[in-house]
Structure formats: structure tokens, C-alpha cells
Amino acid sequence: MTDTQSNTLADAIVFFGATGDLAYKQIFPALLGLVRDEGVNLPIVGVAKAGWGLDQLKARAKDSLEHHVKADPASFDKLMGLLRYVDGDYNDPKTFAALKAALGGAKRPLHYLAIPPSLFGVVVAALAAAGLSKDARLVVEKPFGHDRQSAAALDAILHEHFPEESIFRIDHYLGKEPVQSIVYTRFANAIFEPLWNRQYVRSIQITMAETFGVQDRGAFYDATGALRDVVQNHMLQVVANLMMDPPTGEDHEASRDQKAALLKAARPLGPKDIVRGQYRGYRSVPGVKPDSGVETFVAIKLTIDSWRWAGVPIYIRAGKCLPVTAAEVLVDFHAPPREVFGEDDRPYGHMRFRISPDVSVAMGLRVKRPGEKMAGEPVELTLNEQAASDMPPYQRLLGDAMRGDGELFGREDIVDAQWRIVEPILANPPPVTIYEPGSWGPEDSDALIGADGPWRNPEPSV
Ligand code: BG6
């Protein structure tokens with residue numbers, strides 16, 4: 001490690017909301033991975049108001065790791081030895097004095113706010129008052145805001161004590177190996193880039209399907225809905241990775257600059273660009289209002305007003321209780337300008353990026369069927385196929401934040417551009433249509449894609 005790197009490397013990790021769900025499901029497994037794979041060896045302080053002590057936090061961490069990862073005994077013991085715990089009210093300066101003591105002489109702590117956004121202001125101000133914000137970094141969770149205005153208000157709160165380059169807005173999709181693989185495939189091969197525009201691309205489909213419902217997250221989900229939960233963030237980030245211009249220059253912001261440019265060129269959605277659905281049975285989930293009009297399925301048609309992408313429709317659908325759990329991108333190419341062989345059946349060719357649960361990159365083409373006739377059939381060439389990555393996205397992201405590398409995080413202008421796209425629909429959503437669990441959502445989504453369809457449904461994982 002060079003001096004510059006060690007000067008920018010965080011020297012302690014603090015996670016607020018240590019007794020909560022996110023810590024249980026994501027943060028403990030990520031911390032274990034960092035200790036095991038990257039030799040992280042620094043104070044890790046959990047903070048919460050639960051009346052707990054360190055032993056209870058360790059028991060919680062143990063339970064989390066048993067459920068989510070295979071922890072080898074050495075890494076497990078190492079992590080347990082690094083853990084500290086501070087219990088207290090976020091409104092009480094004593095909590096932050098205790099945190100300061102637990103941090104010892106740490107000069108560049110990374111503070112992870114795994115807490116509701118309504119508490120961000122209090123915690124950030126208290127960190128600053130305790131002298132714990134200078135040279136520190138802040139990691140915040142999605143959803144970042146509830147709409148464009150509230151995201152801007154959160155930005156203002158955070159910026160009071162943390163400059164933009166010290167803020168790391170998590171979107172775990174960006175930490176996913178296959179999402180990075182889209183960028184790699186595009187820019188590591190010269191042959192794709194000439195095809196990546198309106199001249200060759202006819203339409204794009206992105207599907208994020210889940211077989212399960214909202215499970216025990218009824219109250220959260222009913223205040224959120226599919227558009228805010230996964231489209232405004234995860235799906236639009238996939239769009240940005242898939243469609244941005246090649247990054248230029250050496251600046252470490254190069255890639256985020258291109259994503260921002262792409263998303264700023266997207267046209268805000270209108271009422272005709274969206275279909276909202278709700279699975280039958282959703283209203284009886286605990287925490288959901290009995291007359292809820294919140295969508296558990298959404299399909300949108302997105303347009304990018306740039307020279308490269310003008311006129312190329314992008315169809316995105318995401319939903320719960322669908323027939324498979326899989327996320328895929330399909331870039332559909334145009335038919336040849338003239339039909340030489342008298343065939344008019346589609347498809348003519350595509351690129352397919354499978355994001356989850358397994359990972360693949362494939363290219364679809366037509367090849368000649370053996371025989372006298374000049375007739376062919378579609379085939380798909382798999383360029384890369386692999387099982388899901390072992391490194392959980394949170395491990396990659398937390399590691400990057402510790403190093404101060406913001407490339408895989410939402411930047412203020414990017415998150416704002418994402419909200420800008422969905423803003424008109426959030427303000428004035430069309431009604432939901434009920435769909436049967438196990439179906440592909442409301443039939444209206446077929447009308448939305450129309451002649452650019454049909455929707456290509458991802459195959460289940462084998
Ligand atoms: C989360 C959403 O951000 O992403 C969930 O809140 C969704 O509703 C999840 O299920 C999907 O992510 P992954 O990585 O599990 O496919």
C-alpha cells in the first residue's frame with residue numbers, strides 16, 4: 001500500500017443502526033468478508049439505542065453470519081475482537097462522547113448510517129459537534145429521499161458537515177459483479193461500441209423479476225412501491241451503465257460524469273409511459289393498508305433524448321410475485337435494412353446480460369440452417385457464464401468507501417437526475433391493476449411494449 005492510499009484509508013468503521021435489519025442481513029457479512037479477504041484490522045463500532053451491551057451485539061453478529069455466510073473460525077474470531085458497541089440515544093451528546101472514546105485515536109472514521117433518513121440530520125450534526133466529522137466519510141443507504149425534493153433536502157443536511165466527495169450513497173446494484181461486467185464488456189471490446197446506438201439498436205428491455213412478495217416488509221414497502229424501491233435506483237443505474245458514453249480522461253469521476261449526462265438526457269415519465277400492478281393478496285400483508293394503491297409491479301417506457309439514443313425505446317419492468325427470480329438486460333438489434341432471404345420472423349439479434357441470480361453475457365444472431373434453402377434460425381452464443389459472485393455487493397462497496405473510491409456510489413447530481421425521471425409519475429400515479437401471483441403482471445404491460453415486444457421473459461435459473 002502506498003502512503004497516499006494509507007492516508008486516505010478509513011481507520012475505523014462506525015455503523016449506526018447496529019441492532020437493525022440491514023446490519024443483520026448485509027453489514028455483518030460484509031464486515032466478515034473485509035476482515036477475511038482484505039485483512040481489515042481496525043475498530044468497528046456498532047451504535048444503536050437498544051439497551052444492549054457488546055455481548056448482545058456479538059451474539060447478533062454470530063447469528064447473522066451463521067445465516068448468511070460460511071465464516072471460518074479465524075476470521076470470525078478476528079471480527080469479534082474488533083467489534084465495539086455504544087448504546088445510546090442519537091439526541092444525547094453523551095452517546096457521541098462514548099463513540100469518540102470507543103474510536104480511540106481514529107482520525108478518518110467511516111460512518112455508516114443504517115438508520116431511517118429522518119435521523120440523518122441529528123446524527124450528522126452530533127458527529128460534527130463531537131469532532132467526529134473532520135476527514136471522516138459518510139455512507140448512506142437507499143432509498144435516498146422519497147422524491148426529488150426530499151432528496152435535495154437530505155443533501156443539504158449532509159452537506160452542512162460533509163463535503164460531497166465524503167458522501168457515499170449506496171445502491172447495492174452498483175456493487176454487483178454482473179453490472180460491472182456490462183461496463184467491462186462494452187468498453188474492453190472495440191467491436192460493441194460501434195453497434196451501441198440508434199442505428200443498430202432497436203429497443204432495450206430490462207426485467208427484474210422476483211417470485212416472492214414483500215414478505216415481512218409490508219410497512220416499508222407500502223410507503224415505497226416498486227418504482228421507488230428498485231426502478232428509480234437499481235434499474236436506472238443499470239440503464240446508465242448500459243447506455244452511457246465511454247468515460248474519457250483519467251479523472252476518477254469520469255464514469256460518473258457520463259452516467260450523469262445520460263440520466264439527465266432521459267425524458268421524465270408521463271402517464272402513458274407506465275403500467276402499475278399489485279399482486280392479489282398484497283393488501284393482507286401485515287403493515288399494508290387494506291385499500292392500498294401501492295404498486296408491486298411496474299413497467300415503464302423510457303426515452304433518452306440524445307443523438308446516440310434518440311428513438312430507441314427502453315422498456316423496464318420490475319415486480320414481486322412473478323414467475324421467476326431473475327434480472328436481465330436485452331439489447332435488441334434492428335432487422336437488416338432489406339430482407340434478402342424472404343424471412344420476416346424475428347428476432348434478428350441481441351445482446352443479453354443476465355444480472356442475477358447467475359451471471360452471463362450472450363449474443364444472439366441468426367445462422368443458416370444446414371440444407372439447400374437459404375433459411376436460418378436464431379442462436380445464442382454465450383460469451384461468459386458464471387455462478388453468482390461470492391463477494392457480496394456490500395463487501396465491495398464498503399471496501400470502496402473505506403478507500404475513498406466513490407465510483408460505485410450515487411452522486412448528488414445522479415440521484416437527482418434519477419428522481420427527475422420518475423417525479424411526474426410519483427406526483428400523479430395512474431391506478432394499479434391487480435395481477436395473479438405467479439403471472440407476469442398486468443396484461444396492460446403487453447400493450448405498453450406493443451410492436452416493440454413481446455417481452456422476453458428471463459429463464460429460471462438451472
Ligand atoms: C432491494 C429492494 O433494494 O433490492 C428489494 O428493497 C429487492 O425489494 C432487492 O428485493 C433486490 O436485490 P437483490 O440483490 O436481492 O436481487
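The following questions and answers deal with the sheet, the empty spaces and some backbone features of a predicted model.

Local features here need pLDDT of at least 70, side-chain atom pairs count only at pLDDT 80 or more, and totals for chains, interfaces and linings use all residues. Residues are numbered from 1 along each chain as its sequence is written, and side-chain values use heavy atoms, with hydrogens and water left out.

Visitor: In what order do the six strands of the open sheet stand?
Guide: Strands (E, at least two residues) and helices (H or I, at least four) are DSSP runs numbered from the N terminus, and two strands pair if DSSP finds at least two bridges between them. The pairing in this open sheet is parallel, and S3 (83-87) and S6 (167-169) stand at the edges with a single partner strand each, so one side of each is left without a neighbour in the sheet. The order is S3-S2-S1-S4-S5-S6.

Visitor: Which residue in S4 stands opposite Phe-15?
Guide: Strand S1 (residues 12-16) and strand S4 (residues 109-113) run parallel and are joined by five bridges. In this pairing, the residue of S4 opposite Phe-15 is Tyr-112.

Visitor: What angle does the direction of helix H6 make with that of S4?
Guide: Helix H6 (residues 120-129) packs on the sheet and touches S1, S4 and strand S5 (137-140), where contact means heavy atoms within 4.5 Å. Axes are lines fitted to C-alpha atoms, for helices over the stretch in contact, and angles run from 0 to 180 degrees between N-to-C directions. By this reckoning the angle between H6 and S4 is about 165 degrees.

Visitor: Which element gives the largest share of the lining of the largest cavity?
Guide: On a 1 Å grid over the protein atoms alone, a cavity is a set of points where a 1.4 Å probe fits but cannot get out, a pocket is an open set with protein on both sides within 12 Å along at least five of seven lines, and lining residues have an atom within 4 Å of a point. The largest cavity is lined by 14 residues, with Lys-142, Phe-144, Ile-170, Asn-233 and Val-415 nearest its centre. Helix H10 (225-243) and helix H13 (412-427) each supply at least two lining residues, and the largest share, three residues, comes from H10.

Visitor: What is the volume of the second largest pocket?
Guide: The residues nearest the centre of this pocket are Glu-328, Arg-352, Arg-354, Glu-380 and Glu-459, among 16 that line it. Grid points are joined across faces, edges and corners, and a volume is the space filled by probe spheres set on the points, which gives the second largest pocket about 330 Å³.

Visitor: Which residue is joined to Pro-143 by a cis peptide bond?
Guide: Pro-143 is placed in the loop between S5 and helix H7 (148-159). The cis bond has an omega of about 0 degrees, and the partner of Pro-143 is Lys-142.

Visitor: Is Cys-321 buried or exposed?
Guide: Cys-321, in the loop between S10 and S11, has a positive phi near 60 degrees although it is a residue other than glycine. Buried means under 20% relative accessible area, exposed over 50%, and partly exposed in between, with a 1.4 Å probe and protein chains only. Gln-215, which also has a positive phi, of about 50 degrees, counts as exposed at 52%, whereas Cys-321, at 10%, is buried.
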